[in-house]
Amino acid sequence: MLASGPGGQGTKHLLLSVLFLAVWEAESGQVHYSVPEEAKHGTFVGRIAQDLGLELAELVPRLFRVAPKGHGDLLEVNLQNGILFVNSRIDREELCGRSLECSIHLEVIVDRPLQVFHVEVEVKDINDNPPVFPATQKNLFISENRALDSYFSLEGASDADIGANALLTYKLSPNEYFSLVVPTNDDQVKPLQLVLKKHLDREVASELLLLLQATDGGKPELKGSMELHITVLDANDNAPVFDKAVYRVKLLENSRNGTLVIRLNASDLDEGSNSHILYSFATDVSSNAEAFFRIDSTSGEIKVNGKIDFEETKLWKLQIEALDKGNPPMFGHCTVLVEILDINDNAPELLVTSLSLSVPEDATLGTVIALISVSDRDSGANGEVTCSLRPHVPFKLVSTFKNYYSLVLDSALDRESVANYVLVVTARDGGSPSLSATASVSMEVADVNDNAPAFAQPEYTVFVKENNPPGCHIFTVSARDADAQENALVSYSLVERRVGERALSSYVSVHAESGKVYALQPLDHEELELLQFQVSARDAGVPPLGSNVTLQVFVLDENDNAPALLPLRPGAGGAGGALSELVSRSVGAGHVVAKVRAVDADSGYNAWLSYELQPAAGGARSPFRVALYTGEISTTRSLDEADLARQRLLVLVKDHGEPALTATATVLLSLVESGQAPKASSRVLAGAAGAEAALVDVNVYLIIAICAVSSLLVLTLLLYTALRCSAPPTEGACGPGKPTLVCSSAGGELVVLAAEAAEGVLWGGPAQDRPHGLQP
């Protein structure tokens, strides 16, 4: 506290002169200010924003904040003008005791980008504490026969200030008996001493009252005083004397109770009871010292009586009295200085300030994740702390200031590999054995859109029967995105193109969320055998990523076209669309008289035609027959006169589809005598020969075409089976029929090879849901 009085005006001028002192220091990137203690609220300390190179306009957007270390809200920053000012009362003695250096350390943090500044505010001492004696009155008992130049120890005053403010000078009130001996500044451990300059005479003056005054070196100076009440005694004229005036002892902290500190020895030249000495703490020794030490009154042994803690008190100063049993008793004094030696009994302390709960996986190297500060109450090597990080992670610790570290990103992150990190920071001191402390930092890696959706395979083959219902589900595509949340939300769309004269979107569509592919209209194998297109998968990231997959949709034929009849020969015909021919009665058995020709717009098995002669009316046996696969009409025997001159034959043309479709050809044969139709017969024979050759060619081409298509189907099945081994495609709602390979042998026999093994691969669904295959 500042003393009031005549010196108050000078103190006010001193305070104002020191108040606005601010010093910039560039050492270690630290800003240094100073402020006097007891400064009023609002006192200017420094233009911190300007000194740190920050613009006033960016303080709020960059979240400018000050983090004091252990000193509450003594200082504050005005974000409007960037000025650091005093926020509450600062008492240097309360903060730092008698330490020569006293500073308030601040951490200034701004974001975008993250920056950390260290600011040191030195608290200047002012002379606000007067000297204080241990007691306001000291009683001394001195024998009248005490020799001249005898010394009497006095406990000096103490001043809570430092430096010149704590340099004390002493003055004794004027008297004729005593003078005052003050130790030099280099030997402050010695007590003040009264020196007897004139013999005492109890009969003249039995009591003396003196005033001892202490004055510090502050401006203005402050004073303290103690009354000395001296009682003049008679008799015992030799006081006990210690071996030393000052004893120095070293003691380990945490020594157990009862540990011997020192054994004192004092001697008395008197005899008898006047030489029997009792030891005790001086009356002006603080009660705090007596709580930690005890003295044996007889032996003079000083022992530990409480918990000795280096971090609390590093040096104990004990005033000891030796009192003899004379009447009156005489005193001897000494000082015991007990230096406490530090041991490593305090583990380091860790304080972790996380700046972010998550780190994006594309964060740049050197990004600051957390701030770490360490401290250790021990001293020397016991208080030197090093930090380490485990386990092996893509982070590292960077020392930014003494006992301050930054946790920064050291290598690239990948959320798809590791989504969370639990880091353990270990602080270890240099003691032996060393002590350590740990702190855990949990870090979540935030996802960025760095993975495109991926399909299981680049291409899928789908088989769909023609004439499917509109809106039929034919396939489902699925893509997986390794990212998370919206970056993994996949939507599907068609890659639009033209199919002939029409847009692809008129044939198929894809559901954006499920990936289901639908046929929008009935497909026609005769119009479109293969529909090839791409489906695109895009995620919802910013920017979005995507990939494409190719779908090959084979439209499988169904038996939806009936056989169509062709004329026997160009220009041939008959009434009502019937086919007419002239046949000589002289032809023998097996003679080809006509040929029914037909074609089927379907393909494969559905286009393979067979011919049957319908029974004549009334069950009469016809002299003609029709070849099953060529349609040739030939005689079964020689014709005779009994045969009707006009023969009407009904030939049923049937394909091999399921169900089979048919057409009926009517052939009108006119039987004539051999001489009546030679030209016709020759024409018939020539036409029959030509038709037979043409029929052979058609059969050959048909067999080759069927075998080629079937072989292509088998190759497709093998390729599709290999692809499905790793990723079977989703079954469509409209499945194709079971593929069957049909070939014709030279003798007209059928060889049917059913791809039964590929059935499950093609359709992938229950047997009852598969479409019926072609049957021989």
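## Two open sheets and a buried arginine

In this predicted model, strand S2 and strand S5, the latter made of residues 83–86, pair in the antiparallel sense over two bridges. Within this pairing, Phe44 stands opposite Phe85 in S5. The two strands belong to an open sheet of three strands, arranged in the order S2-S5-S4 with antiparallel pairing. Its edges are formed by strand S2 (44–46) and strand S4 (75–78), each of which pairs on one side only. From one strand to the next, the twist in this sheet averages 40°.

Another sheet can be described in similar terms. Three strands in the order S34-S40-S39 form an open sheet, and here the pairing is antiparallel. Strand S34 (472–476) and strand S39 (508–510) stand at the edges with a single partner strand each, so one side of each is left without a neighbour in the sheet. Neighbouring strands of this sheet are turned by 30° against each other on average, when direction is ignored. S34 is joined to strand S40 (residues 516–519) by four bridges, and these two strands run antiparallel; across this pairing, Thr476 stands opposite Lys516 in S40. As a general point, the strands of a sheet pair through backbone hydrogen bonds, in either a parallel or an antiparallel manner.

A single residue outside these strands also deserves a description. Arg415 is placed in the loop between strand S29 (404–409) and strand S30 (420–429). Is Arg415 buried or exposed? Its relative accessible area is 16%, and because buried means under 20%, Arg415 counts as buried. The side chain of Arg415 makes polar contacts with the side chains listed below.

| Side chain | Partner side chain | Distance |
|---|---|---|
| Arg415 | Glu416 | 3.2 Å |
| Arg415 | Asp447 | 3.0 Å |

When residues up to four places away in sequence are not counted, Arg415 touches Glu361, Val445, Ala446, Asp447, Ala482, Asp483 and Ala484. Asp447 therefore appears both among these touching residues and as a polar partner of the Arg415 side chain.

The protein as a whole can be summarised as follows. Its secondary structure comes to six helices and 53 strands, and of its 776 residues, 43% count as buried. Among the contacts with a separation of 6 or more, 68% are accounted for by residues 24 or more positions apart. The accessible surface of the protein comes to about 39200 Å², and 54% of this surface belongs to carbon and sulfur atoms.

Technical notes
Residues numbered from 1 in each chain as written. Predicted model: local features only at pLDDT ≥ 70, side-chain atom pairs only at ≥ 80, totals over all residues. Heavy atoms only, no water. Pairing = 2+ DSSP bridges. Axes fitted to C-alpha atoms, helices over the stretch in contact; angles between N-to-C directions. Buried < 20%, exposed > 50% of the residue type's maximum accessible area, 1.4 Å probe, protein only. Contact = heavy atoms within 4.5 Å. Areas by Shrake-Rupley, 256 points an atom, 1.4 Å probe, with all protein chains shown as cover. Polar contact = N/O pair within 3.5 Å; in protein donor to acceptor, adjacent residues only side chain to side chain.
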